[in-house]
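Q: I'd like to learn how to read a few backbone and packing features off a model. Can we go through them one at a time?

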Amino acid sequence: MPRNDGGREGRRRAVTRRDGESGQGLPFVLVTGTVLLVLLVALVDLLWNEMKFLSKTAKRSVMVVAADGAVDRAIYALQKGGGWDAVPKAAVAGYAQDSVYSDQPGVIYTLKVEEGNWTPGIQIGDTKLERTITVFLTHTVTGEKKKVQAVVIQSTLNSAIFSGGQITIGGSADVNWGPVVSYSMASDAIPLGSLPTHPIFMAAGGITIGGTAASLMVPSKDCSDPSAAVCVNEYATPSELGAQPVVPIAEFRSIAIAQNATGKGWYQGGAGTCTWNTAIPATDDTSVCFFDTCDGTNYNPVTDTVCSGCTSTAHGADIKVAGSWCGNGVLVVMGDLDTKGTGCGMSLTMTPPPNCYPKYDTNSGNCAAVNNPTLFWNGFVYVAGSLSSSGNKKVYGTIYAYDSAGITGNFSVWYKTSNSTIGYLGKSVFTKCWLERAPVAGDVFP
């Protein structure tokens with residue numbers, strides 16, 4: 001018969017089952033804990049590696065940014081008047097690893113600037129147009145060292161005459177060794193009576209030859225690769241012409257004012273009168289001669305006129321030059337320039353570019369050096385208004401007439417390939433390549 005034990009037996013069985021179930025769960029807990037521990041270790045390791053990566057990336061970023069700033073420092077030195085040639089010759093302090101710079105946070109560096117392209121596989125490149133900038137950097141906290149090389153190239157601003165408006169060449173006026181470029185969109189941006197034998201012509205607008213558009217002539221005189229006495233490039237694209245340069249007026253003005261005090265440069269204007277003294281002093285390649293508006297503000301040929309009583313709009317310089325007058329460096333006229341007569345005949349040898357014949361002249365004999373010309377200016381001429389030139393004056397360099405240019409008589413221009421004064425223009429130097437380099441034997445870091 002059943003035994004009445006008050007249910008103790010059932011409770012014992014229940015307890016036994018619970019004890020068994022409890023024992024079965026322990027391995028699960030241990031396995032789960034082990035897995036979580038492994039995951040935690042892996043996560044900590046991942047976070048540690050990520051922190052190290054971020055730290056390295058941050059330090060590398062600091063050095064790369066510093067290197068970029070160092071390259072900009074060297075480019076600025078190259079752009080300053082005469083710097084393109086002087087800096088790589090160690091004639092300017094700080095660019096032959098002779099100075100340690102600390103202007104970049106957390107980094108010290110030195111700079112070496114050389115003529116040509118000294119990147120591996122090139123050496124030495126074009127010594128006239130290319131410059132190699134090498135930056136040697138050391139991180140001041142970690143001691144990490146980095147070497148960066150950049151190759152910069154001189155601008156393709158190779159125009160003998162260029163203008164934002166129409167360019168007219170008449171009489172016996174001539175342009176040698178460089179192109180004539182108009183940024184005007186007009187259908188007659190460059191009107192030509194015939195196709196001259198010396199310069200090449202390019203325009204954002206039309207070029208007419210004898211009153212007929214070059215693109216309508218048979219055989220066509222329009223082409224994308226113009227050549228003297230063969231064809232012109234009318235309606236040239238922005239990639240062919242490049243952006244119209246921006247002249248740093250404020251910088252030129254500042255340099256001229258400073259040089260005026262020492263007699264090296266020349267500054268006239270800003271005195272509230274319409275009188276400009278054109279008796280400039282002796283100048284050299286680094287001089288700036290600046291004829292300012294009567295009130296010292298910039299000249300806009302669209303809204304302003306030349307000075308006839310100094311007002312806010314009738315304030316432009318009106319410079320008329322005749323007789324034996326000449327100079328070197330940069331000439332800026334904040335208004336109109338009208339030249340007549342002859343230059344002063346300074347003794348100078350003008351050198352043609354390597355591609356003079358047949359690109360710019362059909363006669364190879366005209367691509368020889370010219371000695372002792374009757375020069376009016378040697379360097380860069382910027383006219384904010386209109387240029388009107390006649391007589392026998394000659395320019396060795398580049399003329400930029402912002403509004404329009406008209407030359408006639410026996411006025412002549414020879415393009416100057418070594419014109420370092422155009423280095424002031426914003427488009428004069430650009431970076432060809434920028435690469436990190438592995439250090440080599442002989443490299444010295446600060």
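Q: Is Trp 177 buried or exposed?

A: This is a predicted model, so keep that in mind throughout. Buried here means under 20% relative accessible area. Trp 177 comes in at 2% relative accessibility, so it counts as buried.

Q: Where does Trp 177 lie, and what is its phi?

A: Start with the general idea: most residues other than glycine have a negative phi. Trp 177 isn't a glycine, yet its phi is positive, about 75 degrees. You'll find Trp 177 in the loop that runs between strand S6 (174–176) and strand S7 (180–182). Ala 90 is another non-glycine with a positive phi, about 65 degrees. Its place is the loop between helix H2 (83–86) and strand S1 (107–115).

Q: Which peptide bond leading into Pro 219 do we have, cis or trans?

A: As a rule, most peptide bonds are trans. The one from Val 218 to Pro 219 is cis, with omega near -5 degrees. Pro 219 sits in the loop between strand S11 (212–213) and helix H3 (238–241). The bond from Tyr 357 to Pro 358 is cis too, with omega near 5 degrees. Pro 358, though, is placed in helix H5 (residues 356–359).

Q: How far apart are the end C-alpha atoms of helix H4?

A: Take 1.5 Å a residue and work out the expected span. For the twelve residues of H4 (residues 249–260) that gives 16 Å, and the end C-alpha atoms are 16 Å apart, so the two agree.

Q: Which residues of H4 are buried, and why do they line one face of the helix?

A: The buried ones are Ile 249, Phe 252, Arg 253, Ala 256 and Gln 259. Look down the axis of H4 and these residues fall within an arc of 135 degrees, so they line one face. Their cover includes four strands: S12 (266–268), S13 (288–291), S16 (327–333) and S20 (375–383).

Q: Which residues touch the most other members of the largest nonpolar core?

A: Think of the core as a contact network and look for its best-connected members. This one has 53 residues, and Phe 291, Leu 331, Leu 337 and Trp 377 touch the most other members. Strand S20 supplies the largest share of the core, five residues.

Q: What is Leu 331 in contact with?

A: Set aside its neighbours within four places in sequence. Leu 331 is then in contact with Cys 289, Phe 291, Trp 325, Leu 337, Phe 376, Trp 377, Phe 380, Val 381 and Tyr 382.

How values were computed
Residues are numbered from 1 along each chain as its sequence is written. This is a predicted model: local features need pLDDT of at least 70, side-chain atom pairs count only at pLDDT 80 or more; totals for chains, interfaces and linings use all residues. Side-chain values use heavy atoms; hydrogens and water are left out. Helices (H or I, at least four residues) and strands (E, at least two) are DSSP runs, numbered from the N terminus. Buried means under 20% relative accessible area, exposed over 50%, partly exposed in between (1.4 Å probe, protein chains only). The expected span of a helix is 1.5 Å times one less than its number of residues. The arc is that of the directions from the helix axis to the C-beta atoms. Contact means heavy atoms within 4.5 Å. A nonpolar core is a set of buried Ala, Val, Leu, Ile, Met, Phe, Trp, Tyr and Cys residues joined through side-chain atoms within 4.5 Å.
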